[in-house]
Amino acid sequence: MSALYDTIGTTYAQYRVPDERIARQVASALRDSASVVNVGSGTGAYEPRATGVLGVEPSRVMLSQRESGTAPVLQGVAERLPLADSSFDASLALLTVHHWPDAEVGLAEMVRVSRRQIVLTWDPAVFRRFWLIEEYLPEIAEREAQLATLGAVCRALNVVDVQTVPVPWDCTDGFCGAYWQRPERYLDPGARAAISAISLLDPSDVERAMHRLKRDLDDGSWTARHPGLGELSELDLGYRLVVAERA
């Protein structure tokens, strides 16, 4: 994972700005947790700005993009958290579990070190209906069928709640579904570089898909196929916040 994000994570600070609406949902799930470890913390997105917070992140490139004032951070991996048993009230893993070499072990580590676990992942059955995948990049669904997403997370944890995380039309966090109402944003190479689901595909497949998308935007056919999207303020693309507690 360190090597992966040392390569694809260079634009994260610019394009992956935490969205305040998603941040509020994460904060609500944390409830009154006084101590929180953010596993796969990246640039520190969605970490509470409070004492008692610690990040764990393997990639030096991601670590270098953490702003001053963010929580202290250790360089390490989810599968071997350098932390004592039950040392935190809660642990976070936000859009990261699918990158872990052994998600089952990493999730077990979260349970070992915390009484409450909060994981942001997605339901592939919903996500694959996203227009970007259905019409332009079916390769995303093909690749992600092999990844640890909602089902794997729910099997590994003692789940108490699964919450829908709707994506606002103007979402500031440029993950894969963020630009569902702003398709032109996918034409930006920098934006695509900050989306692992796209940046890890064969570049020739992505180039062909973006050529078709640009053509469809220019001639109006994309808008004709999606006349109702412009009227929506948010959309359910399958993103789910899993809340679990140690049994």
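This passage walks through the sheet of a predicted model and two of the helices packed around it.

Start with the sheet. Seven strands make up an open sheet with mixed pairing, and they line up in the order 3-2-1-4-5-9-6. Strand 3 (73–75) and strand 6 (159–164) sit at the edges; each has just a single partner strand, so one side of each is left without a neighbour in the sheet. Going from one strand to the next, the twist averages 20°.

Within that order, strand 5 (residues 114–122) and strand 9 (residues 239–245) run antiparallel and are joined by seven bridges. Pick Ile-118, for instance, and its bridge partner in strand 9 turns out to be Val-243. Strand 5 also has helix 5 (residues 103–113) for company: this helix lies across strand 1 (36–39), strand 4 (88–94) and strand 5, and runs at about 145° to strand 5.

Helix 3 (residues 20–30) is a nice case of a helix with two faces. Its buried residues are Ile-22, Gln-25, Val-26, Ala-29 and Leu-30. These cover an arc of only 145° around the axis, which puts them on the same side of helix 3. The spacing fits a general rule: an α-helix has 3.6 residues a turn, so residues three or four places apart point the same way. What does the buried side of helix 3 pack against? The buried residues of helix 3 meet strand 1, strand 4, strand 5, strand 6 and strand 9. On the face turned away from the buried side, Glu-20, Arg-24 and Ser-28 are exposed. Right after helix 3 comes Arg-31, and its phi is positive, near 55°.

Definitions and conventions:
Residues are numbered from 1 along each chain as its sequence is written. This is a predicted model: local features need pLDDT of at least 70, side-chain atom pairs count only at pLDDT 80 or more; totals for chains, interfaces and linings use all residues. Side-chain values use heavy atoms; hydrogens and water are left out. Two strands pair if DSSP finds at least two bridges between them. Helices (H or I, at least four residues) and strands (E, at least two) are DSSP runs, numbered from the N terminus. Axes are lines fitted to C-alpha atoms, for helices over the stretch in contact, and angles run from 0 to 180 degrees between N-to-C directions. Contact means heavy atoms within 4.5 Å. Buried means under 20% relative accessible area, exposed over 50%, partly exposed in between (1.4 Å probe, protein chains only). The arc is that of the directions from the helix axis to the C-beta atoms.
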